[in-house]
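Reader: I have not worked with this one before, so could you take me through it slowly?
Author: Gladly; here it is.

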Amino acid sequence: MAGLATSAPDERRAEARESLAQTAFDLLVIGGGVIGAATAAHAARAGLAVALVDAGDFGSGTSSASSKLVHGGLRYLRLGDVRLVREAHHERRTLAGRVAPHLVHRLPFLLPLYRGGPFRPAFVQSGIILYSTLALSRLNWLVQPARASELVPPLRDEGLRSCALYADAWTNDARLCLENVLAASEAGATVLNRAKVVSLRLSGGAVTGAEVTVDGSSVDVTARVIVNAAGPWVDAVRRLEDPRAGTSVRLSKGAHVLVPGGDDWRAALTIAQDDVRVTFAVPWYGLLLLGTTDSDYESDPAAVDVDDADVAQILAEASRALPPSLLEPGAVRASFAGLRVLPLGDGSTVNARRETVFSLGPGGMLSVAGGKLTTYRRIALDALERVRGPLGLRQVDRRPFPLPAAVGVAPPFALELDPDVEAHLRHLYGSRAAAVVERAAEDPSLLERLHPDGPDIAAQAAFAATNEWAGTADDVLRRRTTVTLRGLADADAVERVERLLETARAV
Ligand code: FAD
């Protein structure tokens with residue numbers, strides 16, 4: 001398939017490492033979350049020599065720990081941020097229509113209004129009308145309980161007066177991030193995961209490069225411009241440039257859990273917790289994604305985790321709209337936590353604006369953090385705009401382009417697949433789905449499922465190793481496929497993937 005460069009993973013790493021050491025880059029991007037990856041992709045498409053490095057796996061920070069919504073953000077309207085909502089809706093349409101239609105799917109949302117709840121129906125109705133107008137979408141804004149329970153069968157109906165209805169979209173955040181890394185790579189960027197920037201080089205007061213640790217040894221990277229897109233680690237990287245740099249952001253932890261249910265849901269639920277904060281119950285790959293929490297976080301970003309109190313809070317908050325039978329602690333199949341990066345400010349993180357924080361260091365490094373997955377493209381383009389001068393770019397091309405798996409028409413599969421596997425591959429890999437299973441023509445074992453209860457198959461693990469920089473079982477099970485979040489990453493699945501990675505390395 002055109003443009004798909006398959007190579008042995010170790011060889012590919014060695015080549016990237018060599019390129020990092022030998023090239024005089026125009027731009028080095030630190031952090032392969034969705035913001036860094038998109039910045040690198042746009043810069044490489046503009047013809048610049050670009051390097052993108054991530055200390056861990058691509059997307060292993062916040063960009064795989066979101067609520068997986070591509071949305072305007074109803075709560076931002078409540079906070080009076082009409083501009084952010086309008087921009088986010090515009091981006092939602094751009095992502096679903098052109099950039100990643102295989103990964104971003106429209107979904108109706110129901111906001112149940114219970115007697116004694118925080119919102120008055122008339123107030124909600126005017127909010128939803130404004131939200132839907134900004135979204136350019138038309139739904140029945142208020143629906144009666146009977147219609148609501150057709151959309152969400154287990155919806156609690158005691159005290160239910162009516163439900164507001166609006167539309168947003170859901171996605172797979174880790175794959176959306178990865179596709180931006182692929183876009184960067186295909187446009188000529190040198191990209192490498194497990195490549196941590198440990199110090200910055202300054203010449204005459206300006207940053208001119210970085211020391212990157214790759215597989216236990218150090219590589220000196222030279223770059224005219226450096227963008228720090230290290231998410232929750234943004235201040236740690238700023239201090240590599242200026243050890244006296246203060247704090248530029250605050251962090252808030254958000255946890256999620258996945259429980260069974262959701263197969264027969266035709267809408268997601270937005271559950272009002274107070275007059276600003278909402279939580280979600282989103283049908284996601286047949287499960288229900290519940291969350292999220294929002295609490296100040298001051299410890300090491302790498303240590304963020306879900307604890308029992310988070311799980312108890314998420315289940316209790318979901319129980320406002322769902323029956324206890326769905327919400328037993330024992331039902332939790334998987335959980336994850338991430339860190340929002342928020343502008344500094346007083347008061348609760350719940351009320352903090354989800355603004356992007358840009359800062360320019362004394363040596364010229366641009367730091368960019370915060371904002372939303374939904375608006376990642378805009379944030380990346382704004383970052384590039386801010387370093388346009390030093391990069392020598394006449395202008396930044398802001399036109400959306402389709403991500404690699406959204407290019408071209410999807411060819412048919414050459415092999416017969418189970419319908420659920422076929423649909424799943426089409427969703428995750430778009431126009432490249434057939435390429436993922438190509439090698440199964442010679443090795444039918446690649447068609448075996450990674451776990452009998454899920455649609456991910458062995459060919460995906462092999463493809464992740466040769467085409468998607470996956471180096472560990474966790475990379476494959478958690479971020480390249482959906483096995484971990486379905487709660488199916490048992491010892492057998494881990495062992496199977498480790499063997500597949502080993503085989504890919506040996507080729
Ligand atoms: P990250 O994804 O965190 O990437 C930063 C990367 O930098 C990491 O991969 C890290 O390994 C790397 N790094 C750090 N230090 C170094 C170093 N020294 N060298 C090299 N690499 C380094 N947005 C939405 O639009 N919809 C949602 O539903 C939504 N839900 C959310 C729910 C929660 C709980 C949270 C926390 C956020 C949510 N967001 C949502 C926001 C969205 O997830 C983030 O805005 C986005 O993922 C941020 O991406 P990023 O690239 O800035 O950061």
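Author: What follows is a short talk about the ligand's surroundings and one residue. This is a predicted model, in which local features need pLDDT of at least 70, side-chain atom pairs count only at pLDDT 80 or more, and totals for chains, interfaces and linings use all residues. Residues are numbered from 1 along each chain as its sequence is written, and side-chain values use heavy atoms, with hydrogens and water left out.

Reader: How many residues surround the ligand, and which are the closest?
Author: The ligand is surrounded by 37 residues, each with a heavy atom within 4 Å of it, and the closest are Asp54, Thr62, Ser63, Leu69 and Thr374.

Reader: What is the mix by class?
Author: The shell has 16 nonpolar, 16 polar and five charged residues, where Asp, Glu, Lys and Arg count as charged, Ala, Val, Leu, Ile, Met, Phe, Trp, Tyr, Cys and Pro as nonpolar, and the others, Gly among them, as polar.

Reader: Which backbone atom lies 3.0 Å from a ligand nitrogen?
Author: That is a backbone N or O atom of Val197, and a polar backbone atom of Ser67 is 2.9 Å from a nitrogen atom of the ligand.

Reader: Changing topic, is Asp168 buried or exposed?
Author: Asp168 counts as buried because its relative accessibility is 2%; buried means under 20% relative accessible area, exposed over 50%, and partly exposed in between (1.4 Å probe, protein chains only).

Reader: And what does its side chain reach?
Author: The Asp168 side chain reaches the backbone nitrogen of Gly72 at 3.2 Å.

Methods
Polar contact = N/O pair within 3.5 Å; in protein donor to acceptor, adjacent residues only side chain to side chain.
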